[in-house]
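Subject: Two-chain model for you

Hello,

Here is the model I promised to pass on. Please open it beside this note and follow along.

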Amino acid sequence: MQQHLTRQAGVAKVDVELIDGKVTVYPKPDARLDPARLLKETFDSGVSVAEMTMTAGGWVDMGPGGSLVFKISGDQVFPVISNALALELQSLASAPAKVVLRGVLYRKPAGKARAKPKEVSLQFEVLEIVKKE
Amino acid sequence: MRRGKLLISLVLVLTTTARLEAGIDRIDLRVEGMT
């Protein structure tokens with residue numbers, strides 16, 4: 001799996017902790033890493049993903065439906081799940097302030113042995129506001 | 001001495017700026033069934 005993920009576009013390094021089942025993927029500098037593709041590739045390598053957490057820099061903004069979104073680039077936009085930290089970020093949506101956030105992008109649905117990657121929709125649940133301007 | 005302090009300040013500023021750049025820093029996966 002480590003070799004499989006390292007071959008993916010934009011991936012610089014993959015660290016694997018076999019005992020804990022933890023895999024950390026580091027992107028290449030200035031490369032675009034696609035979390036949805038990474039999730040699919042991990043499933044394709046024969047393992048099931050219980051949770052995917054992302055640490056990224058970007059902007060919080062209001063989406064089309066008036067809900068909060070986390071923008072990493074023009075085409076990498078994730079809806080933000082409402083929680084206390086999301087409410088704290090809401091004030092930043094009116095002004096373009098950069099933030100670094102850590103949050104859950106994917107969690108295996110309860111009761112399912114293995115979710116199909118096609119059914120996965122990535123939403124960002126903020127766990128930590130690492131930095132804000 | 002002053003030059004050293006200036007250099008440290010510059011490094012701190014550059015580090016902060018880099019961290020606030022847009023982009024994914026890392027992705028952590030918790031996986032099951034890994035052998």
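Strand E3 of chain A (residues 48-62) and strand E1 of chain B pair in the antiparallel sense, over 9 bridges. At one point of this pairing, A:Ser48 stands opposite B:Glu32. Keep in mind that this is a predicted model.

E1(B) has a second partner. It is E2(A), joined to E1(B) by 4 bridges, and these two strands also run antiparallel. Here the bridge partner of A:Lys22 is B:Arg30. So much for the pairing; now the contact between the chains.

How many residues of chain B are in contact with chain A? The count is 16, and they meet 31 residues of chain A. Strand E1 of chain B, residues 23-32, gives the largest share of chain B's side, with 10 residues. By class, that side has 7 nonpolar, 7 charged and 2 polar residues.

Chain B itself is quickly described. It has 1 helix and 1 strand. Of its 35 residues, 14% are buried.

Chain A next. It holds 3 helices and 7 strands. Along the sequence they follow the pattern α-β-β-α-β-β-β-α-β-β. The radius of gyration of chain A is 15 Å, close to the 14 Å that the globule rule gives for 133 residues, so the chain is as compact as a globular protein of that length. The C-alpha trace spans about 40 × 35 × 25 Å along its principal axes. Buried residues make up 23% of the 133 residues in chain A. Take the contacts in chain A between residues at least 6 apart in sequence: 56% of them join residues at least 24 apart.

Strand E2(A) deserves a look of its own. In a regular strand, side chains alternate between the two faces of the sheet. E2(A) shows this alternation. A:Val23, A:Val25 and A:Pro27 point to one face and are buried. A:Lys22, A:Thr24 and A:Tyr26 point to the other face and are not buried. E2(A) also pairs within its own chain: 6 bridges join it to strand E1 of chain A (residues 11-17), again antiparallel. In that pair, A:Asp15 stands opposite A:Thr24. The hairpin of E1(A) and E2(A) has 4 residues between the strands, and A:Gly21 takes a positive phi near 70° there.

Now helix H2 of chain A, residues 35-44. Its buried residues include A:Pro35, A:Leu38, A:Leu39 and A:Thr42. Seen down the axis of H2(A), the buried residues fall within an arc of 100°, so they line one face of the helix. An α-helix has 3.6 residues a turn, so residues three or four places apart point the same way. What do the buried residues of H2(A) pack against? In chain A, they pack against helix H1 (2-6), strand E2 (22-27), E3 and strand E6 (98-107). E1 of chain B is also on that list. Just after H2(A), A:Gly46 takes a positive phi of about 105°.

The core draws on both chains. The largest nonpolar core has 28 residues. Those with the most contacts inside it are A:Met52, A:Phe70, A:Val80 and B:Ile27. From chain A, the elements that give two or more residues to this core are E2, H2, E3, strand E4 (68-73) and E6. From chain B, E1 does so too. Look closely at B:Ile27. Leaving aside neighbours within four places in sequence, B:Ile27 is in contact with A:Val25, A:Leu33, A:Pro35, A:Leu38, A:Met52 and A:Met54. Of these, A:Val25 is one of the buried residues of E2(A), and A:Pro35 and A:Leu38 are among the buried residues of H2(A).

Two loop residues remain. A:Asp30 sits in the loop between E2 and H2 of chain A. A:Asp30 has a positive phi of about 65° although it is not a glycine. Is A:Asp30 buried or exposed? It is exposed: 8 other C-beta atoms lie within 10 Å, and the cut-off for exposed is 12 or fewer. A:Pro64 lies in the loop between E3 and E4 of chain A. A:Pro64 is exposed as well, with 6 other C-beta atoms within 10 Å. A:Pro64 and A:Tyr106 are 42 residues apart in sequence and 22 Å apart in space, C-alpha to C-alpha.

Best wishes

Conventions:
Residues numbered from 1 in each chain as written. Chains lettered and ligands numbered in written order. Predicted model: local features only at pLDDT ≥ 70, side-chain atom pairs only at ≥ 80, totals over all residues. Contact = placed C-beta atoms within 7 Å. Nonpolar A, V, L, I, M, F, W, Y, C, P; charged D, E, K, R; others polar. Pairing = 2+ DSSP bridges. Buried ≥ 20, exposed ≤ 12 C-beta atoms within 10 Å, placed from the backbone. Arc of directions from axis to C-beta. Rg over C-alpha atoms; globule rule 2.2 N^0.38 Å. Core = buried A, V, L, I, M, F, W, Y, C linked by C-beta atoms within 7 Å.
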